[in-house]
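Reader: I have the model open on my screen and would like to understand the terms used for it. Could you walk me through them?

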Amino acid sequence: MTKSPKPKPLLQDADKPVRSRPRKQRDPAQPNLPLDPLPDRIEPCLALLKARPPKGDDWVYEIKWDGYRLSVHVEPTGIRILTRGGHDWTHRFPAIQQAALWLPVGTAILDGEAVVLDEQGRPDFGLLQQSLGGRGGNKSSSDAILFAFDLLYFDGHDLTQSDLGVRRYLLESLVPPNAQGDIRLSEEVEADGDALLRIACEHGLEGIIAKRRDAPYRSGRLGDWVKIKCIQSDGFAIVGYEKSSASFGGIGRLLLAARKGDELIYVGGVGTGFNERSAAELREQMDKLIIGKPAVDTGRKRNAVFIDPKLVAEIEYRAWTHDGKLRHPSFKGLREEQDSAAVYELV
């Protein structure tokens with residue numbers, strides 16, 4: 001796959017500029033502080049899903065990028081790129097690795113999202129998966145770029161107890177706004193949250209992220225970061241599929257389940273979102289997991305093939321029906337175990 005063309009500016013018709021506030025140049029003289037040990041890994045801060053953007057001056061906004069969460073470690077011995085689950089994927093992102101080597105810093109840990117952009121400059125999860133060889137593949141992607149949105153360690157100093165404003169200030173000294181390399185800044189957007197969400201949805205983006213301006217970096221899903229989506233998108237276990245000779249890969253519909261406690265509950269099927277390539281790869285993986293008895297009660301299904309529910313599909317959907325099924329679902333791709341693929345939890 002060739003590099004995507006230079007993307008068009010996103011949210012270009014917003015009322016306020018889509019860029020971080022101008023910053024003064026960082027003073028190269030480092031403060032005389034004791035050095036902190038470089039951590040081997042920091043558990044990521046995760047965004048809590050909300051229906052509407054929070055209000056108030058203590059919140060700042062960014063675009064929500066649809067890809068793989070990564071932490072990029074710039075270390076004295078070289079670069080390490082870790083997934084959300086802590087797996088080393090350095091070899092799978094050579095362009096990001098090379099860009100990290102060029103950063104003007106001795107040691108650092110950047111938090112960000114690896115994406116592949118389409119021709120309109122929008123992140124496309126399916127293109128990202130294709131560039132990596134599909135779920136379970138081991139290809140390297142030179143098309144993926146990193147949108148960096150946080151800096152957790154900087155030249156011998158642990159920044160996790162510093163507020164977001166300080167971390168962003170230092171991040172922008174490494175990754176300037178408007179940089180167009182393989183590591184780019186996920187810029188803060190000066191806009192009202194509701195207006196920004198509306199514009200993001202109009203541009204076909206996944207949603208926005210709101211972050212507390214004065215919060216330290218805390219691992220886990222504690223509410224310092226909030227995500228607001230244009231369309232719901234979550235992971236569901238594949239428990240089988242219905243065969244169809246008229247569909248790509250012979251897949252009429254995937255049969256999906258969510259988790260409720262220790263059990264899986266059937267939540268309906270999805271028959272859209274596949275192309276010839278993704279359906280063929282999916283069928284190959286599912287046929288390795290065929291079982292004789294369904295893992296969950298799916299009701300009576302014609303031409304159904306049941307599989308061990310080890311695959312997690314990322315599904316876009318509009319809402320839930322009154323009987324607990326997904327409304328207007330569409331298949332986006334398979335989530336990787338190394339990306340901490342999680343099955344949706346029913347309340």
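Reader: To start with the surface, what area does the protein chain expose, and what share of it do carbon and sulfur atoms supply?

Author: Happy to help! This is a predicted model. The protein chain exposes about 16600 Å², and 49% of that comes from carbon and sulfur atoms.

Reader: What makes a residue buried, and what percentage of the 347 residues are buried?

Author: A residue is called buried because its relative accessible area is under 20%. In the protein chain, 49% of the 347 residues are buried.

Reader: How many helices and strands are there?

Author: The chain has 5 helices and 19 strands.

Reader: And how many cavities of 30 Å³ or more does a search of the whole structure find?

Author: The search finds 1, and the space in the largest cavity is about 80 Å³.

Reader: Why is it called a cavity, not a pocket?

Author: The name is cavity because a 1.4 Å probe fits there but cannot get out, whereas a pocket is an open set.

Reader: Which elements give two or more residues to its lining?

Author: Those are β3 (68-75) and β4 (78-83). The most comes from β3, with 3 residues. The lining includes Arg 69, Leu 70 and Ser 71, as well as Leu 82 and Thr 83.

Reader: What makes Tyr 217 in that lining nonpolar, and how do the lining residues divide?

Author: Tyr 217 is in the lining, and it counts as nonpolar because Tyr is in the nonpolar group. The lining divides into 6 nonpolar, 2 polar and 4 charged residues.

Terms used. Residues numbered from 1 in each chain as written. Predicted model: local features only at pLDDT ≥ 70, side-chain atom pairs only at ≥ 80, totals over all residues. Heavy atoms only, no water. 1 Å grid on protein atoms, 1.4 Å probe; cavity = no way out; pocket = protein on both sides within 12 Å on 5 of 7 lines; lining within 4 Å. Points joined across faces, edges and corners; volume = space filled by probe spheres on them. Helix = DSSP H or I, 4+ residues; strand = E, 2+ residues; numbered from the N terminus. Buried < 20%, exposed > 50% of the residue type's maximum accessible area, 1.4 Å probe, protein only. Areas by Shrake-Rupley, 256 points an atom, 1.4 Å probe, with all protein chains shown as cover.
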